[in-house]
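The following exercises concern a protein and the DNA beside it. Please examine the sequence and the model before reading each solution.

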2 protein chains.
Amino acid sequence: MTGNPCCPPLAEGTISAADAVDLAAVFKALADPVRLRILSALLAADGQICACDFVTTAGKAQPTVSHHLKVLREAGLVEGARRGTWVWYSVVPSRLADVRRALQTELPTTV
Amino acid sequence: MTGNPCCPPLAEGTISAADAVDLAAVFKALADPVRLRILSALLAADGQICACDFVTTAGKAQPTVSHHLKVLREAGLVEGARRGTWVWYSVVPSRLADVRRALQTELPTTV
DNA sequence: TCCTTGTATCGAGAACTGTCAATACATTGG
DNA sequence: CCAATGTATTGACAGTTCTCGATACAAGGA
């Protein structure tokens, strides 16, 4: 295929394979409506929310909510801290900032 | 669960269920390393690239590349135009801008 | 200690996704 | 019309993800 008349050599500045995998992993964590609503609720609360509230908010069973919180945790997007019986979750703002920055640097547009 | 001593009522300003589904759909299209590399190559080319080049670039079979291009197309992130035998693809910058804006408005942080 | 309540994990089923061989479609050139 | 080349679709398989019931773990109160 290389050297075909239709195709110029690829331009420089493309995302590396490793970076693509990492960035895709974060997008994968964001690619679910339930998780987006959990993140949004956490941000709107301007602080922390206990995990018990997400069950009614998300309209999902408790194990399902726990699963989504685990995905967000493993993506570094939220943190959980136990206070007695309850676990309070909060977003990691710097991680969200990383996503925004990656969008700017890895997929830049002038528009 | 509502009215539990641990949980204050949810704050306003959370993302709607419909918006969460839409935003998650775009993130889902971005949540794959191959598609990220295709987008990056398109942007780095500062114009258009024919589909045939992605086969060698992505290291995937031709039907696989065609599948990923279809996902990106249906997410509104790229457009394809036939020029004779070849199909030239280009990004839709406004769509990428929408993603950035949605990240700012739906998941805002001060950091 | 037992009981209650909140959270996490396990296990299973359904649905979805990435991948590619085979095949069909589209376009150009002879 | 036929052959060649680029692209899209189909079908199948493996792997992953979402979901929830059942269950285990954690912490506090009687």
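**Exercise 1.** Determine which helices and strands each supply at least two residues of the surface near DNA strand D.

*Solution.* Helices (H or I, at least four residues) and strands (E, at least two) are DSSP runs, numbered from the N terminus. A residue is near a molecule or strand if one of its heavy atoms lies within 4 Å of it. In chain A, α4 (62–74) supplies at least two residues; in chain B, α3 (51–58), α4 (62–74) and β3 (86–91) each do so. The largest share, five residues, comes from α4(B).

The model is predicted: local features need pLDDT of at least 70, side-chain atom pairs count only at pLDDT 80 or more, and totals for chains, interfaces and linings use all residues. Residues are numbered from 1 along each chain as its sequence is written, chains are lettered from A and ligands numbered from 1 in the order in which they are written, and side-chain values use heavy atoms, with hydrogens and water left out.

**Exercise 2.** Describe the residues around DNA strand D and the polar contacts to its phosphate oxygens.

*Solution.* First, 26 residues lie around DNA strand D, and those that come nearest are A:Thr64, A:His68, B:Cys52, B:Gln62 and B:Trp86. Next, of the atoms of this DNA strand within 4 Å of the protein, 71% belong to sugar or phosphate, while the rest belong to bases. Finally, consider polar contacts (here, pairs of N or O atoms within 3.5 Å). The side chain of A:Lys60 places an N or O atom 3.2 Å from a phosphate oxygen of DNA strand D. For A:His67, a polar side-chain atom lies 3.3 Å from a phosphate oxygen of that strand, and for B:Ser66 the distance from a side-chain N or O atom is 3.3 Å.

**Exercise 3.** Carry out the analysis for DNA strand C: which residues are closest, and which helix gives the largest share of the surface?

*Solution.* Begin with the 26 residues that surround DNA strand C, of which A:Cys52, A:Gln62, A:Trp86, A:Tyr89 and B:His68 are the closest. Sugar and phosphate make up 70% of the atoms of this DNA strand that come within 4 Å of the protein. Then turn to the elements: α4(A) gives the largest share of the surface, five residues. Lastly, list phosphate contacts. A polar backbone atom of A:Cys52 is 2.8 Å from a phosphate oxygen of DNA strand C, and a polar backbone atom of A:Val87 is 3.3 Å from one.

How values were computed:
Polar contact = N/O pair within 3.5 Å; in protein donor to acceptor, adjacent residues only side chain to side chain.
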